[in-house]
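Let's take a walk through this one together. Have the viewer open and follow along as we go.

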Amino acid sequence: MHFHTLILDGVFAADTDGTMRFDPAPPPTDREVAVLLAAIHRRVLRMLARRGVAIGAAPEESGTEPFAEDASMLAALSAAPRRATGRIAP
């Protein structure tokens, strides 16, 4: 599943004569990307811990596949775009 999103990488501003100009935002620094990645990493690990998924353990070691129950739902979700090709959403 994915989302199509349009995000501007800057802002529009009015000049003194009333015309609009686009001021691009600077790209993120390596430090900003590292901070964001660390936050995402922490949150994903917390979410997996809440769901009881052992980090680093192979499924054959635990005897169960943690996402086996979701497999049919994931298969249905991945097939949905193929079924919807050429159709317009209501």
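What follows is a short tour of charges, patches and one helix. Keep in mind that this is a predicted model.

Start with the salt bridges, of which the structure holds two. Arg-21 has a part in each: one bridge goes to Asp-15, with the closest N and O atoms 2.6 Å apart, and another goes to Asp-23, where the closest N and O atoms are 3.1 Å apart. Put together, Asp-15, Arg-21 and Asp-23 make up a network of salt bridges. So how covered are these residues? Arg-21 counts as partly exposed, at 33% relative accessibility. Asp-15 is partly exposed too, at 29%, and Asp-23 gets that label at 27%.

Now look for the nonpolar side chains on the surface. Leu-8, Phe-12, Met-20 and Phe-22 make a nonpolar surface patch of about 430 Å². Phe-12 sits in strand β1, which covers residues 10-14. Its relative accessible area is 51%, and since exposed means over 50%, Phe-12 makes the cut.

Next, the helix. α1 runs over residues 30-50, so 21 residues in total, and spans 30 Å from its first C-alpha to its last, close to the 30 Å expected at 1.5 Å a residue. After α1 comes Gly-52, with a positive phi near 75 degrees.

Finally, there's a positive surface patch formed by Arg-42, Arg-43, Arg-46, Arg-50 and Arg-51. Arg-51 lies in the loop between α1 and α2 (59-62). Is Arg-51 buried or exposed? At 59% relative accessibility, Arg-51 is exposed.

Technical notes
Residues are numbered from 1 along each chain as its sequence is written. This is a predicted model: local features need pLDDT of at least 70, side-chain atom pairs count only at pLDDT 80 or more; totals for chains, interfaces and linings use all residues. Side-chain values use heavy atoms; hydrogens and water are left out. Patches are made of residues with over 30% relative accessible area and no salt bridge: like charges are joined within 9 Å, nonpolar side chains (Val, Leu, Ile, Met, Phe, Trp, Tyr) within 5 Å. Accessible areas come from the Shrake-Rupley method with a 1.4 Å probe; for residues, only the protein chains shown count as cover. A salt bridge is a side-chain nitrogen of Lys or Arg within 4 Å of a carboxyl oxygen of Asp or Glu. Helices (H or I, at least four residues) and strands (E, at least two) are DSSP runs, numbered from the N terminus. Buried means under 20% relative accessible area, exposed over 50%, partly exposed in between (1.4 Å probe, protein chains only). Lys and Arg count as positive and Asp and Glu as negative; His and the chain ends are not counted. The place of a charge is taken as NZ of Lys, CZ of Arg, CG of Asp or CD of Glu.
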